[in-house]
Amino acid sequence: TMAEALAEAMTCLSCESANMVYMEPDEEEDKKEYSEYMCEDCGEEQTDIQWKYRGYKIGRVLEVKQLKAPLKKCKVAISDKDQTGLQIVTNAKHIEEGEYVIVATKGSLVPAGSDDAVEVKQASVGGEKSEAMLCDATMLGWKGGAKGVLVKLTGDQKIGGLPPPKKPVKKK
């Protein structure tokens, strides 16, 4: 099955072992939107969503400075204790302090879950250090979102948490 094939490609997020086993769901669990796996070496359990979005974090924009248009330099916190934030240079048109965004940190693969994904690396963008990338829906593998349009989340998300597996529906 596809889940078993993924278990062969996956490594444990805790101990980096390649001995991952697909855990068959019972009838109750069959309705879940994710599959679960267990590491045979350390016993750690993880989901396919955790694997797909390894290195991705929900962040809060601390600061935005305009550089030479269209570039902006942002500081984005990816943990509650983070007061300085990662420096990210972006060409996102609409980004403001206080917004919740999804960050692909150094070492993560974009687009998420893609066979031809590229590793995120620290780079110089417009002469400024950029330590990560801000994500659009395409980078996350979501349906229903324009390429190049920054994904923004509501404030009920946990900073440092994993992004949702699909585009959140806005509540009216």
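**Salt bridges and a sheet in a predicted model**

User: Does E99, at 18% relative accessibility, count as buried or exposed?

Analyst: In this predicted model, E99 has a relative accessibility of 18%. Buried means under 20% relative accessible area, exposed over 50%, and partly exposed in between (1.4 Å probe, protein chains only). The residue E99 therefore counts as buried.

User: Where is the place of E99?

Analyst: Residues are numbered from 1 along each chain as its sequence is written. Because the model is predicted, local features need pLDDT of at least 70 and side-chain atom pairs pLDDT 80 or more, while totals for chains, interfaces and linings use all residues; side-chain values use heavy atoms, without hydrogens and water. Strands (E, at least two residues) and helices (H or I, at least four) are DSSP runs, numbered from the N terminus. By this numbering, E99 belongs to the loop between β6 (86-90) and β7 (100-105).

User: With which residue does E99 form a salt bridge?

Analyst: A salt bridge is a side-chain nitrogen of Lys or Arg within 4 Å of a carboxyl oxygen of Asp or Glu. For E99, the closest N and O atoms of the pair are 3.0 Å apart. The pair links distant parts of the chain, 53 residues apart, the partner lying in strand β13 (residues 152-153). That partner of E99 is K152.

User: How many residues apart in sequence are the parts that E128 and K73 tie together?

Analyst: E128 and K73 form a salt bridge, with 3.5 Å between the closest N and O atoms. E128 is partly exposed at 25% relative accessibility, whereas K73 is buried at 18%. E128 lies in strand β11 (residues 128-130) and K73 in strand β5 (residues 72-77), so the separation in sequence is 55 residues.

User: Which strands stand at the edges of the sheet β1-β2-β3?

Analyst: The 3 strands form an open, antiparallel sheet; two strands pair if DSSP finds at least two bridges between them. Each edge strand has a single partner, so one of its sides is left without a neighbour in the sheet. The edge strands are β1 (20-23) and β3 (45-47).

User: What angle does the direction of helix α1 make with that of β1?

Analyst: Helix α1 (residues 2-9) packs on the sheet and touches β1 and β2, where contact means heavy atoms within 4.5 Å. Axes are lines fitted to C-alpha atoms, for helices over the stretch in contact, and angles between N-to-C directions run from 0 to 180 degrees. For α1 and β1, the angle is about 155°.
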